[in-house]
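This report describes one helix and its surroundings, followed by residues with an unusual backbone angle. Please consult the sequence and the structure shown here.

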Amino acid sequence: MRIALRNVVKRFKGFTALKGINLEIKDGELFTLLGPSGCGKTTTLRLIAGFYKADGGDILFDDKIINHLPTARRNIGIVFQNYALWPHMTVYENIAYGLKLQKMPGIEVKRKVDTSLDKVGLSGLQHRYPGQLSGGQQQRVALARALVLNPDVLLLDEPLSNLDAKVRMKVRAEIRQLQQELKITTVYVTHDQEEALTLSDRIAVMREGRIIQLGDPKTLYERPNNTFTANFIGTNNLLEGHVIKGNGDRKYTVKTSIGSFMGIADQPLSSGQKCTIAVRPENVQINSDRQEANAFTGKIHFASYLGNILRYDIMTSAGILFKADIKYPWGCEVMAIGTEVKVSFAEFVCLLINDHYTEEHNLTAVGGES
């Protein structure tokens, strides 16, 4: 099932929650709406579900406009943040509930419920009550209940937010594996960027009721076209500056408060123009023998040992903190606070972002995808 939103607007008592959303979700893909609280991602999901009616624009399933089609006739499965399981019903009864409403014969209900239980790894637990299950098991029951109706579209609204970190990682892998197996069109809402990167075929980054960039996880992480995406997805060092000169092949030299750096831009820049450089901490070297085009000195301000990463916060001459990661720091001695270091990074990992150009041309993804 393909889903399309065409210039969709939604208002609540004078507040515009969605400001003209345009979106194409492909048949069988897992598509994530990502953004901070209040950005409009859950509102978008609820419009697709039919819980809200759009104040403008159209929503389509394949080529059919469904704006006024009630939720019950959209053939969707929904998994909520709080699972919404009936506490007085067993696992079996919770999953079978929707099938019984459809007056399905008991023998067919049992076959479908047993199949769903097997898909989510809960065979043998059908007689338990929700209160006797772990959070991860309850989430699987909610997923089985959504899938047992054989929906065309699966909608997941922050489904893992109530689980602890390890269980969350396990269940998200199970969701992705199941979705790929069933090839069901899935719309997933989350504010967790790691979750989005791990699960998604494509991601729409949302802010203040708009989609500000759309693309696959690799593109959004490595080539964000605006500073919000660069800062929201993962960790980034962002420095404001202005262009001194162009060096050909999309390369420019940019002057900042801590020195001049050479980087690559996916958007055109001109001399004197303001822009932001973005450099991921994992692409930064400390006291390296390599002769990089971009380098400056600073002092260790803070060190965070994260097991597979040792992250340093380095105080620059301009009073700006710059992060650098030492990967796999086995046997590394942690440098003392105040130690002076040389920081360097290659020009090809230094991305130059022109927010004004992105807004002016309404770009939503590198390569012009919209």
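## Helix H5 and positive phi values

In helix H5, the residues Val171, Arg172, Ile175, Arg176, Leu178 and Gln179 are buried (buried: under 20% relative accessible area; exposed: over 50%; partly exposed: in between; 1.4 Å probe, protein chains only). Viewed down the axis of H5, these buried residues fall within an arc of 165°, so they line one face of the helix; the arc is taken from the directions from the helix axis to the C-beta atoms. On the other side of H5, Lys166, Gln177 and Glu181 are exposed.

The model is predicted: local features need pLDDT of at least 70, side-chain atom pairs count only at pLDDT 80 or more, and totals for chains, interfaces and linings use all residues. Residues are numbered from 1 along each chain as its sequence is written, and side-chain values use heavy atoms, with hydrogens and water left out.

Helices (H or I, at least four residues) and strands (E, at least two) are DSSP runs numbered from the N terminus. The buried residues of H5 pack against strands E3 (30–34), E7 (153–157) and E8 (185–190), and against helices H3 (106–119), H4 (135–147) and H6 (193–199), where contact means heavy atoms within 4.5 Å.

Most residues other than glycine have a negative phi. Just after H5, however, Lys183 takes a positive phi of about 55°. Two loop residues also have positive values, Glu208 and Asp249.

| Residue and phi | Loop | Relative accessibility |
|---|---|---|
| Glu208, near 50° | between E9 (202–207) and E10 (210–215) | Glu208, 54%, exposed |
| Asp249, near 55° | between E11 (237–248) and E12 (251–256) | Asp249, 64%, exposed |
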